2 protein chains.
Amino acid sequence: MSRVVRNSLPVSLRHGILGLLASRPLSGYDLTREFDLTLGHVWSAGHSQIYPELGRLAAEGLIEPFDSGPRGRKRYAATKAGRAEVLRWLREDDPGRELRVESLLQGFFYWMLEPAEQIALIARERARHASKLAGYEALATGDIDWMANAEQHAQRIMLEAGIRYERGLVEWADWAAAEVGRGAEVRS
Amino acid sequence: MSRVVRNSLPVSLRHGILGLLASRPLSGYDLTREFDLTLGHVWSAGHSQIYPELGRLAAEGLIEPFDSGPRGRKRYAATKAGRAEVLRWLREDDPGRELRVESLLQGFFYWMLEPAEQIALIARERARHASKLAGYEALATGDIDWMANAEQHAQRIMLEAGIRYERGLVEWADWAAAEVGRGAEVRS
DNA sequence: ACAGGCATGTAAGTCGTTACATGATTAG
DNA sequence: CTAATCATGTAACGACTTACATGCCTGT
């Protein structure tokens with residue numbers, strides 16, 4: 001009997017899926033789209049990760065088949081145990097895992113380049129964040145009725161996190177470009 | 001001949017290591033500490049990932065042993081090819097990989113709980129970010145001479161990214177808590 | 001008819017975490 | 001002398017990405 005106790009803590013993917021299925025039935029394809037569009041700015045997942053996980057969740061009794069549709073479409077819904085697990089996760093699992101922002105990692109090494117080139121790279125980074133910010137803001141001020149229900153409202157609240165985070169980084173990029181100029185001057 | 005071309009793009013870890021070794025010789029232990037303390041707020045890595053990667057980088061001629069010290073300490077330095085690779089990475093590889101913030105993922109599902117509990121969880125999240133922010137600000141205003149050289153200055157610039165990002169999330173948490181209250185009122 | 005999007009899955013390989021394992025040096 | 005910290009590594013497992021593979025509907 002080498003039965004291992006199983007996932008002690010991390011595994012965000014399964015809880016992301018479970019959380020979405022707790023409110024309404026969705027197919028693997030739907031979930032993929034949801035991760036891409038909605039949860040995407042804090043956690044991403046591709047379909048090749050989602051389909052196997054649906055299988056595991058079903059095997060564990062946390063979700064169950066709900067119905068079928070055209071083109072082999074299969075929707076799943078959270079079971080009672082699945083919904084309970086989402087609540088347990090929210091209440092008990094304090095994730096706290098580190099942040100990962102690959103593009104900012106490069107910033108630590110910009111100093112190896114000439115100031116002009118550094119400033120150009122910072123501008124590229126600014127553009128990346130400004131573009132995301134614009135997208136989020138357009139969504140926020142679009143024609144969605146964010147107060148329609150609690151779930152919709154939660155999405156609006158999380159969208160605001162993205163807006164503030166991206167706005168912070170756009171402002172940072174402007175500050176950083178000026179700062180690189182200042183540094184070059186001081187040391188010249 | 002099934003010689004695969006190798007890593008086309010991602011692989012941030014190797015470039016993080018290479019970037020650090022491009023400025024000065026460091027041991028695996030030093031690198032682990034550096035990832036933990038300095039690069040940590042945008043990219044993390046444990047020693048069990050670093051030691052094998054040092055072996056691979058050495059095998060590829062991007063780094064080489066520099067010297068040895070007590071307790072088996074081995075320092076490596078970037079070779080000419082290694083330094084060139086860092087510059088190529090900065091100039092050509094536009095990372096753009098998605099952001100990952102596990103703790104914010106939970107926010108999408110808070111609506112399943114009572115408003116009072118939601119607000120408590122948001123407070124926990126606020127505390128997490130406020131504490132990080134305080135740490136970063138203390139560092140920034142501490143007694144480090146950030147203008148001492150270009151590398152030091154780059155670290156100050158990246159520290160500012162962390163400060164602005166965490167500040168944005170602290171402010172977000174305050175906004176979110178108020179917003180949850182407002183939502184509960186509207187729908188009651 | 002055919003293009004585009006819907007829809008599901010598998011395989012191979014890399015990345016990342018946790019746990020295991022060991023030992024040397026230094027400060028108190 | 002003994003605890004803390006320095007220091008390096010491996011193993012097992014789980015997470016994630018990219019590529020492969022297939023086929024069905026619907027709108028034009």
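So, how many residues of domain 1 of chain A are in contact with domain 2 of chain A? Five, and they meet six residues of domain 2, with contact meaning heavy atoms within 4.5 Å.

Quick housekeeping. This is a predicted model, where local features need pLDDT of at least 70, side-chain atom pairs count only at pLDDT 80 or more, and totals for chains, interfaces and linings use all residues. Residues are numbered from 1 along each chain as its sequence is written, chains are lettered from A and ligands numbered from 1 in the order in which they are written, and side-chain values use heavy atoms, leaving out hydrogens and water.

Back to chain A. The domain assignment, which is automatic or from a database, gives domain 1 as 5–92 and domain 2 as 102–187. Their centres, over C-alpha atoms, sit 30 Å apart. There's one salt bridge between them, that is, a side-chain nitrogen of Lys or Arg within 4 Å of a carboxyl oxygen of Asp or Glu. A:Glu151 pairs with A:Arg24, and the closest N and O atoms are 2.9 Å apart.

Now, DNA strand C. It has 18 residues around it, and A:Tyr29, A:Lys74 and B:Ser48 are among the closest; near here means a heavy atom within 4 Å. Sugar and phosphate make up 62% of the strand's atoms that come within 4 Å of the protein.

Take a look at three side chains. An N or O atom of A:Arg100 is 2.9 Å from a phosphate oxygen of strand C, and one of B:Gln49 is 2.7 Å from a phosphate oxygen too. For B:Ser48, the partner is a base oxygen, at 2.5 Å.

Note on methods. Polar contact = N/O pair within 3.5 Å; in protein donor to acceptor, adjacent residues only side chain to side chain.
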